[in-house]
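Here are some short exercises to work through with the model open beside you. Try each task on your own, then check the steps below it.

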Amino acid sequence: MKKLLLATAIIASPVMADDRFQDIRQPWAMCSTCHGAMGQGGIGPALAGQSADDIINKLLHYKMGHKDGPQAAMMIPWAQSLTDGQIGTIGVFVQEGFPSE
């Protein structure tokens, strides 16, 4: 039991806490210029409330060069600059409501 409590304390330690969205904070700053800081929309459509799967599928679609929608010319090169890992993380970030650090 002591080992379990010690392991839990180490895992829960704030010193050990990492920002799991660190890798996409900078790219998200660019996304937010069109989609809003909280995904509320603006120049680009609202993203808030969408599932990770929806966001990931849309970004991968753009990354493959598919020209869907009026913003495709802007989205294709942007999506192509992201790694697949970043795309997945952005999907989770949106689904979880744009958590702060």
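**Exercise 1: a loop residue and its partners**

Leaving aside its neighbours within four places in sequence, which residues is Asp19 in contact with?

*Solution.* Before we start, keep in mind that this is a predicted model.
- Step 1: find Asp19 in the loop between α1 (2-12) and α2.
- Step 2: skip the neighbours within four places in sequence, and you're left with Arg25 and Glu101 as contacts of Asp19.
- Step 3: look at the side chains of Asp19 and Arg25, which are joined by a polar contact of 2.9 Å.

**Exercise 2: the overall layout**

Work out how many helices and strands the chain has, and what percentage of its residues count as buried.

*Solution.*
- Step 1: count the elements, and you get 5 helices and 0 strands.
- Step 2: walk along the sequence and write down the pattern, which reads α-α-α-α-α.
- Step 3: turn to burial: 32% of the 101 residues of the chain count as buried.
- Step 4: take the contacts in the chain with a separation of 6 or more; residues 24 or more positions apart account for 54% of them.

**Exercise 3: two helix pairs**

Describe how α4 packs against α2 and against α3.

*Solution.* What do you need for this? Two packed helices are described by the angle between their axes and the distance between the axes.
- Step 1: start with α2 (residues 22-35) and α4 (residues 72-80), whose axes come within 12 Å and cross at roughly 170°.
- Step 2: put a name on that angle. Angles over 145 degrees count as roughly antiparallel, so α2 is roughly antiparallel to α4.
- Step 3: list who meets whom. From α2 you have Pro27, Met30, Cys31, Cys34 and His35, and they meet Met74, Met75 and Trp78 in α4.
- Step 4: sort the residues of this contact by class, which gives 7 nonpolar, 1 polar and no charged residues.
- Step 5: now do α3 (residues 52-63) with α4. Their axes are 7 Å apart, and the helices pack at an angle of about 95°.
- Step 6: name this angle too. Since 65 to 115 degrees counts as roughly perpendicular, that's the word for α3 and α4.
- Step 7: list the contact residues: Leu59, Tyr62 and Lys63 come from α3, while α4 brings Ala72, Met75, Ile76, Ala79 and Gln80.
- Step 8: sort these as well, and the contact of α3 with α4 divides into 6 nonpolar, 1 polar and 1 charged.

**Exercise 4: cysteines and disulfides**

Explain why Cys31 and Cys34 don't form a bond with each other.

*Solution.*
- Step 1: recall the cut-off, which asks for two cysteine sulfur atoms within 2.5 Å.
- Step 2: check Cys31. The closest cysteine sulfur is the one in Cys34, and it is 8.8 Å away, so that's too far for a bond.
- Step 3: check from the other side. For Cys34, the closest cysteine sulfur sits in Cys31, again at 8.8 Å and too far.
- Step 4: write down the count for the model, which is 0 disulfides.
- Step 5: add the accessibility. Cys31 counts as buried at 11%, and Cys34 is buried at 16%.

**Exercise 5: buried or exposed?**

Compare the surroundings of Asp68 and Gln86.

*Solution.*
- Step 1: locate Asp68 in the loop between α3 and α4, and Gln86 in helix α5 (residues 84-95).
- Step 2: apply the cut-offs, where buried means under 20% relative accessible area and exposed means over 50%. With 42%, Asp68 is partly exposed, whereas Gln86, with 11%, is buried.
- Step 3: find the contacts of Asp68 beyond four places in sequence, namely His61 and Tyr62. The side chains of Asp68 and His61 share a polar contact of 2.5 Å.
- Step 4: do likewise for Gln86, which touches Asp23, Ile24, Pro27 and Ser81. Its side chain reaches the backbone oxygen of Asp23 at 3.3 Å.

**Exercise 6: an unusual phi**

Find out what is notable about the phi of Phe98.

*Solution.*
- Step 1: go to the segment after α5, where Phe98 lies.
- Step 2: remember the background: most residues other than glycine have a negative phi.
- Step 3: read the angle. Phe98 isn't a glycine, yet its phi is positive, at about 60°.
- Step 4: finish with burial: Phe98 has 8% relative accessibility and counts as buried.

Methods:
Residues are numbered from 1 along each chain as its sequence is written. This is a predicted model: local features need pLDDT of at least 70, side-chain atom pairs count only at pLDDT 80 or more; totals for chains, interfaces and linings use all residues. Side-chain values use heavy atoms; hydrogens and water are left out. Axes are lines fitted to C-alpha atoms, for helices over the stretch in contact, and angles run from 0 to 180 degrees between N-to-C directions. Helices (H or I, at least four residues) and strands (E, at least two) are DSSP runs, numbered from the N terminus. Angles under 35 degrees count as roughly parallel, over 145 as roughly antiparallel, 65 to 115 as roughly perpendicular and the rest as oblique. Contact means heavy atoms within 4.5 Å. Ala, Val, Leu, Ile, Met, Phe, Trp, Tyr, Cys and Pro count as nonpolar, Asp, Glu, Lys and Arg as charged, and the others, Gly among them, as polar. Buried means under 20% relative accessible area, exposed over 50%, partly exposed in between (1.4 Å probe, protein chains only). A polar contact is a pair of N or O atoms within 3.5 Å; within protein, one must be able to donate a hydrogen and the other to accept it, and residues adjacent in sequence count only if both atoms are side-chain atoms.
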